[in-house]
Each structure stands twice: as structure tokens, then as C-alpha cells.
Amino acid sequence: MRLFKRKIIWWTGSAVTVVVGAIIALIAAQQPAQRLHASPAHDNNAAAQDEGGSGTLTVKTIFPKCDPAFSFSVQEPATVTAYYVSELDAQVAGQVERIRKAEGSPVKAGELLAKIAVPDLDQEVILKEATIKQRQEELDVARKNVKIAEAAKTVAENNIEVEKAGEDAAKAMENYRGKLYRRLQRLVEGPVPGATGQVAEEAELAYLAALADLHRANNAVIKAKSGMLEAQAKLDAANADVKLKQSLIRVAEQDKKKAEAAVSYSEIRSLFDGKVKRRHADPGSFLRVGEPVFTVERTDIVTVTMKVPDTFAPYVNENTDTIIEMSELPGQPIHAKVTRQVPSLETKTNDHTMLVLVDLYNGTEKEYEEFLARENAKKPPRTPFDDLKENSLPVAPKFMGTKPGEAPHLLPGYYGQMRLVFNKLPNIFLIPSDAIDRSGGTPSIFLVKDGKARRAEIEVNVDDQKLANVKIVERTATGEVKRAPTGKEEIVYSNLNEVSEGEPLNTIPVDWMPRD
């Protein structure tokens with residue numbers, strides 16, 4: 001009896017097990033197979049078994065594409081900063097004498113914003129001005145001395161002529177007295193004396209006197225010539241004194257400029273057109289050297305910055321399109337292009353990113369044209385765009401969702417997202433992101449070789465969740481080799497969670513396009 005009861009219990013348990021198993025199988029048969037949704041160009045569903053019921057898994061496959069129409073993108077946080085931000089600090093210590101500008105006030109390049117009292121430096125300028133005036137008066141005296149020296153030289157030159165005339169007269173008298181003396185001497189010494197000895201003696205004395213006068217005249221000429229040389233030397237000295245006085249004036253003027261430069265440090269001026277962001281002092285405040293007075297920003301141009309991950313950095317250039325969306329301007333994306341990028345991945349935070357910057361003109365298209373016209377109208381020594389960063393002409397942003405002729409004013413501090421769109425990808429084979437299997441922790445793809453699935457580890461260079469640029473990792477006897485796809489690889493594109501290494505496959509090659 002007990003044996004019979006045990007058999008009944010065993011039969012009942014077996015029946016219950018069979019029923020439960022049938023119910024589970026029915027539910028499993030009604031569940032849809034898992035599908036991939038990477039491409040709208042085809043249906044990723046594939047039957048787990050082939051139509052013949054042979055048990056071979058049927059999957060859809062794709063081949064890598066190199067299509068000029070393809071583009072991928074990267075989106076990262078972005079912030080708006082002023083084109084220029086200048087901290088205007090006190091260059092001299094003193095009390096604020098004058099300050100008018102307040103937060104938000106517009107400023108012009110070169111405009112006086114504040115003045116610090118520096119009486120000692122002001123007096124130094126006055127002293128230098130007095131010194132210049134003194135030197136100028138000394139120069140006037142020196143120039144008059146030149147005129148005196150020139151007149152003295154003229155007198156000396158004329159005196160030479162006078163003395164030469166006296167020399168000529170002395171020569172004539174000496175010649176006359178000599179001839180008279182010699183004639184009387186012959187008369188006295190002749191056989192018949194025609195004159196007495198006293199007369200001859202008087203003639204001799206007269207001749208000697210004439211000869212002495214001639215020597216005196218000769219010396220007078222020499223003295224007159226020496227006087228002329230002295231007058232010339234005094235004239236040269238007077239001219240040299242004029243040059244000295246002129247040099248002293250130039251030195252005094254430079255001293256004045258130096259004193260004025262020191263005084264100019266007491267004046268706070270803006271170097272560019274902009275607006276006051278912060279005012280740090282009030283009239284009467286005592287400032288030390290280096291203490292802030294104003295913070296001025298240039299906001300007619302703004303810079304939008306973002307950090308690009310290292311995997312996208314090689315694709316960034318000045319023709320890269322950007323789409324900027326600010327949280328403060330919902331529904332108004334801005335289309336522009338990259339202005340410049342920092343060619344380095346080394347940063348203070350070691351985040352291995354590259355800084356990308358976009359300079360935007362902060363106004364309407366008409367205002368942008370007026371800005372270009374003003375810059376091109378600059379004349380020497382100024383040159384167009386000489387107050388902009390080198391090779392970084394700002395672009396006029398294109399706001400979507402705004403009326404023609406209108407443009408929102410971007411403010412420093414705006415926060416949002418910037419998307420870089422990489423077009424024209426020559427010689428780059430891409431695969432859809434959904435073809436990558438990440439279930440094992442290491443990204444991989446399934447290649448179809450000889451009708452069987454072969455898992456291939458990959459290195460993902462770029463993946464924007466639509467398209468991926470990868471390298472296939474192949475291990476050889478000599479080590480690990482990474483190669484780019486060639487377009488001939490047949491890659492499993494459906495039922496990735498059902499595919500296993502070495503499994504025979506029925507493949508259905510399909511065309512594909514990146515999903516929107």
C-alpha cells in the first residue's frame with residue numbers, strides 16, 4: 001500500500017514538472033528576439049534559426065564604409081568668456097583723486113577712468129619744465145655770443161687789411177729813405193763833396209727809422225693775423241656752446257618726459273573699447289601699488305571655449321563646423337567655425353583634452369559689417385585688426401530661430417554645449433556604433449570568416465554613438481598589431497548577444513547608413 005502511494009506521488013510530481021516546463025517554453029517562444037537599433041536604413045531583426053530549421057544562427061552583416069557624406073561629432077560643455085579681460089591696477093601709491101566710471105559703464109580705448117593724486121611727481125614735472133626754460137635762455141645767450149664772436153672775427157679780418165696797408169706804407173718809406181741815404185753818401189764820398197757829412201748822417205738816421213717802422217708794420221700784420229685766428233677760435237667756441245645748450249635742452253626735455261611718464265602711472269586708462277565689469281575703489285581711497293582699480297572687459301567679441309577629448313583632437317582644424325547651444329538661449333543654436341585650438345593635450349588638470357576656441361562677433365550681421373569697415377579704414381601707423389589676437393578674425397555667428405537682423409547678446413559666463421562636426425573624412429573607414437559588442441568589458445566585433453563567427457578585439461578611436469572609427473587588434477607571434485579596417489571585413493550587425501566564438505552563421509549582408 002505504501003509503495004502504491006509513493007508511485008502516485010512520483011507520477012504527480014513528474015506531471016507537474018512537465019506542465020511547468022511547457023509553460024516556460026511557451027513564454028520564451030512568445031518573447032521577441034533582442035534587436036539593434038543603430039541604423040534606420042535597415043531592420044536589425046534576424047531569426048535565431050534559419051528557415052530550414054537546421055539550428056544555424058542567421059545574422060545580418062555589414063562592411064565598413066568610407067563615404068564622404070559621413071560625419072561624426074563630439075559634444076562637450078562650453079562657456080562664454082570676454083575677448084579681453086584687463087585688470088587695471090594702481091601703478092603708484094596715493095589717494096584716488098578722481099574716479100567716475102561704475103560697473104557696466106562703457107569705456108573707450110585711451111579714456112581716462114581714474115586719477116591718483118601724486119603731488120611729488122607733479123612738482124617734478126614743473127621742475128623739469130623750469131629747467132627746460134632755463135636751458136632755453138642759456139641757449140639764447142650762447143647764440144648772442146656767437147654773433148659777438150662773428151663780429152670780432154670780422155674786425156680781426158679788417159684789421160689784417162689795415163695792418164697790411166701800413167706795412168706797404170712802411171716799405172715805401174723805407175725804400176725812399178734808403179735811396180736818399182745812399183745818394184747823399186755817394187755825394188759825401190765823391191772826389192768833389194756835394195754834401196756835408198752831417199747831412200748824410202741825418203739821412204742815415206732817417207733811413208734806420210724807416211727800417212724800424214717797416215719791422216713794426218710787419219709785426220703788426222702778424223699780430224692782426226693772430227687776432228683773426230683768436231677770433232675764429234672764439235667763434236668756434238661760441239658755436240660749440242650753442243650745440244651744448246641745445247643738447248642740454250634735449251636732456252631736460254627727456255627728463256621732463258620721464259617725469260611725465262611717472263605721472264602717467266597715476267592715470268588709469270583702458271587699452272580697448274569695452275565695459276567696466278568691476279570697480280574696486282572710490283574717491284579718497286588710498287591705493288598701494290598693485291591694488292586693483294577696475295576690471296574691464298571687451299565684449300563686442302566673445303570667445304566660446306570647450307575641451308575636446310584626446311580621441312577627437314586629431315580631427316580638429318580651423319574649418320571644423322561648430323554648433324553652440326547656450327542654456328540661457330534655448331532653441332537658438334549658433335552655427336560657426338573653430339577659430340583656433342591649443343595644439344597640446346597637456347593641461348594643468350591633466351585631463352588629456354585639447355582647448356578649442358571660437359571667437360564670435362557679439363552683434364548683428366550689420367554691426368559686424370560696420371566693424372569690418374572700421375578696421376579696414378585704419379591708416380598708418382595703425383593697421384586693420386591690429387588690436388585683435390593674431391590670425392583670429394572673429395566670425396559673425398548664425399543664430400537659428402531668430403528674426404533676420406536680430407542677434408542675442410552673449411554675456412561672459414553663459415554656459416551650454418558645443419558640438420564639433422567633423423566632415424570630409426578622407427580614407428577613413430567607419431562602422432556603425434551598434435556593431436560594437438561591449439558586453440565583455442573590452443570592445444570587440446564579430447568578423448565572419450569561413451562562415452563562422454570570430455571575435456576580434458578592437459581599439460575605439462572615435463565613437464559618437466552613431467559612427468565609430470576603430471582599429472582591429474590582431475595578435476601574432478611577434479606581438480600585437482593594430483590595423484585600420486580596409487572595407488573588406490564582414491561584421492556581424494544583429495543578434496550580437498546570441499553569437500559565440502566559432503559559431504557557424506548564415507549571413508545576410510545589408511547596406512547601412514548612420515542613424516540620425
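Helices (H or I, at least four residues) and strands (E, at least two) are DSSP runs, numbered from the N terminus. The model is predicted: local features need pLDDT of at least 70, side-chain atom pairs count only at pLDDT 80 or more, and totals for chains, interfaces and linings use all residues. Residues are numbered from 1 along each chain as its sequence is written, and side-chain values use heavy atoms, without hydrogens and water.

**Exercise 1.** State how many helices and strands the chain has, and what share of its residues is buried.

Solution. The chain has 4 helices and 22 strands. Of its 516 residues, 35% are buried, where buried means under 20% relative accessible area, exposed over 50%, and partly exposed in between (1.4 Å probe, protein chains only).

**Exercise 2.** Find the share of contacts in the chain with a separation of 6 or more that comes from residues 24 or more positions apart.

Solution. A contact means heavy atoms within 4.5 Å. Residues 24 or more positions apart account for 74% of these contacts with a separation of 6 or more.

**Exercise 3.** Place Arg 182 in its helix and classify its exposure.

Solution. Arg 182 belongs to helix α2, which covers residues 119-189. Its relative accessibility is 40%, so Arg 182 counts as partly exposed.

**Exercise 4.** Do the same for Glu 369, giving its helix and its exposure.

Solution. Glu 369 lies in helix α4, residues 365-376. With a relative accessible area of 48%, Glu 369 is therefore partly exposed.
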